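Visitor: I am new to this structure and would like to be led through it slowly. Could you show it to me before I ask anything?

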Amino acid sequence: MKKYLTIFISAILLHSCAKAPEPTGPIPSPEQIAWHQMETYAFVHFGLNTFNDLEWGGGDTPASTFNPTDLDCEQWAATLKACGMKGVILTAKHHDGFCLWPTKSTDYNISKSPYKNGKGDMVRELSDACRKYGLKFGIYLSPWDRNNAEYGFPGYVETYHQQINELTSNYGPLFEFWFDGANGGTGYYGGANERRSINAREYYDYQRAKDTIINRHPDAMIFGGPCQTIRWVGNEQGWVGATNWAMLSDSENYNQLTYGSEDGASWIPAEVDVSIRPGWFYHQREDHQVKTLAKLVDIYYNSVGHNANLLLNFPVGLSGKIYPQDSLRAMEFYQTISNELKDNLLLNAKVSADDERGRKFSASKVNDGNPETYWATNDDYPYGSIAFKFGEPVMMNRVLFQEYIALGQRVKSFYLEGELDGKWFKIPTFDTTTTIGYKRIVRFNTVKLDKLVIYFEDSRGPLCISNIEAYCAPALLSEPTISRNFDNVVTIESSDQNTEIYYTVDGSAPVVGDNAKKYDKPFIFRDKGTIKAVSYDALSGKSSAVSTKTLPLPHESFKVISPKTGFDKIYDGSGFSVTYMMMEDAVVELEYNETQTIAGFSYLPSQGRDASRHINEYEFFVDGKLVSKGSFGNIKNNPIEQVVNFEPVVGKRVRFVAKGNTDNAKSCNIAEFRVF
Ligand code: FUL
């Protein structure tokens, strides 16, 4: 008996002392792991560009124009903290070369501006505010310098290193140093006003830069350049591939920025940089284009949910504060994500796996809340399945995974199945389920199940999964968007794939289960009228606010006299397809098949980034009689739809004439034009 007991105890001990899996290289450094854990942090673009309505200053904008009157870095820090950001990266110098700290390396700096009578230091103010609010601090220092006379020659390289030296010596711990990829081109260059190109890999002596930074800030990540420890994702739209390896190979293949490389020899994870507005710097004309809540939520799942960190940019405004619309939207975003991922359904589920290498690595480690423990399969088992059983059926639409990345990134392919009342079904997910890495969040339409099984089909080595969570995120009930194209096809879109859409075409408020029709596909609406729609969540029975679109008569009801070409773009429901006209021909003239009562018109200027030449003065005629004449006051800064109403007149022929544009240019733009 005693003998058996000894065998039994030693079997248990052996089992629980199973050896940890060998790393599947490459693996992250402890500093990189700490960086992964930050997940979301902020970018602030602020500088001379802000005061000159520019994205890329040429290097010749006078330092005297930098003049924030109400600058408050504590407002930035407090706001960003409330938005869940873990740190802030400041554009200490952008491509224009203007330095936001009183550097000794160039005169083109804040001490030559009226701000605080030349005594200001933005890097100091923001780094202090970050410390006060418990945020980490990072620096963006553009390698390209369109002001410096020696740019392109050895002299500038020394200036650049002097700047790195100052910034790494005087402003406390840095968590990240950002080397922008935009390099060389036209610039002021001390008055030379010419084009200069450099070999970006070699010119700046990045290895020396990295040594300076890491010697003083061992935890800091280096973004960009040949010595990078984290990588750009190849776009500025806010997404990285659903397949996303944290590894990178030496190849020049551009795609690996977005998807990583399974065979890559270095651990260089992705950072998704995106602005909350179209531009990186503040422009009043973009005040109406702050990204919607739905868009930001999507960006989160396509960045943090795809094994990358999210660097969300805030263009600080002219006053020196984060604009209220931006901070409100970012706070809503943070609250929405926190709410979506609040109640982990797996905490009390019964978990089991088909393979595990011992008690220390048992399946139960994936829902023990400890990131240091993990479920691992045996060495010859680079696949496996794990099941969660619920006492009562649950509703679910999100599953979150984390690998134990200290041992490398492994999983190559997996899928999800549910069971309800003994019936199995595959769970169709919104995007492909391939890699996991530090974090992967999988979204799908809400399903009801009493058992969840995850099959890991393929992996670079035995599985090492540290965490699995599941949620039922409430539907994001945002108003749907309604648009009609030139062929009279109406499309209604909801931001949340989990919701249904209901609509009416007679102008009445849509009530689900009553007058509203369920939308399942685009439909033809060859009429004039008002379409109203709501997003509806069948689960909670809740509807979004109503969105309304008033549509004019279709183009079949009139003959287009002017313009001769491009009217389709003016009448297609999109602010991004634009017709340009020379000012002398800038006329929209329509002749209706039948007499109409005309009460007004609307003009939408181009919604494209950096669009110019908006019509700002007009005349409007009905049957040759002038019925309205005026200007669109603030259209340059606020290029939203301009609506003009007048006493209704009866007529057949309307003529809209552009009399001026915002840039006194020879041509002007029209994105959309309507008569009602
Ligand atoms: C880009 C720059 O050219 C933009 O101005 C901005 O700073 C963005 C973050 O990186 O490459």
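What follows is a set of questions and answers about the ligand, the empty spaces and some features of the backbone.

Guide: Before we start, please note that this is a predicted model, in which local features need pLDDT of at least 70 and side-chain atom pairs count only at pLDDT 80 or more, while totals for chains, interfaces and linings use all residues. Residues are numbered from 1 along each chain as its sequence is written, and side-chain values use heavy atoms, with hydrogens and water left out.

Visitor: Which residues surround the ligand, and how many of them are charged?
Guide: A residue is taken as near if one of its heavy atoms lies within 4 Å of the molecule. The shell includes Phe43, Trp56, Tyr140, Asp180, Glu236 and Asp273, and His45, His94 and His95 are also among its members. In the classes used here, Ala, Val, Leu, Ile, Met, Phe, Trp, Tyr, Cys and Pro count as nonpolar, Asp, Glu, Lys and Arg as charged, and the others, Gly among them, as polar. On that basis the shell has six nonpolar and three polar residues, and the number of charged ones is three.

Visitor: How much of the ligand's area does the protein bury?
Guide: Polar contacts, meaning pairs of N or O atoms within 3.5 Å, link an oxygen atom of the ligand to the side chain of His45 at 2.7 Å, to that of His95 at 2.9 Å and to that of Glu236 at 3.4 Å. Taken alone, the ligand exposes 290 Å² (by the Shrake-Rupley method with a 1.4 Å probe), and the share of this that the protein buries is 91%.

Visitor: What is the volume of the second largest pocket?
Guide: On a 1 Å grid over the protein atoms alone, a pocket is an open set of points with protein on both sides within 12 Å along at least five of seven lines, whereas a cavity is a set where a 1.4 Å probe fits but cannot get out; lining residues have an atom within 4 Å of a point. The ligand takes up the space of the second largest pocket, where sitting in a pocket requires more than half of the molecule's atoms to lie within 2 Å of its grid points. The pocket is lined by 37 residues, of which Gly224, Gly225, Gln228, Trp232 and Leu257 lie nearest its centre. Its volume, the space filled by probe spheres set on the points, is about 1,100 Å³.

Visitor: How many cavities of 30 Å³ or more does the search find, and what is the volume of the largest?
Guide: The search of the whole structure finds four such cavities. The lining of the largest cavity includes Arg285, Glu286, Arg609 and Asp610, and by class it has two nonpolar, five polar and four charged residues. The volume of this largest cavity is about 70 Å³.

Visitor: Which element gives the most to the lining of the second largest cavity?
Guide: This cavity holds about 50 Å³ of space, and its lining includes Phe46, Leu48, His94 and Phe281. Two or more residues come from each of α3 (48–51) and β2 (87–93), helices (H or I, at least four residues) and strands (E, at least two) being DSSP runs numbered from the N terminus. With three residues, the element that gives the most is β2.

Visitor: Where is the cis peptide bond that has omega near -5°?
Guide: A cis peptide bond with omega about 0° joins Ser562 and Pro563, and Pro563 is found in the loop between β28 (558–562) and α12 (567–570). For the bond asked about, the proline lies in the loop between α1 (2–16) and α2 (30–36). That bond runs from Gly25 to Pro26.

Conventions: Polar contact = N/O pair within 3.5 Å; in protein donor to acceptor, adjacent residues only side chain to side chain.
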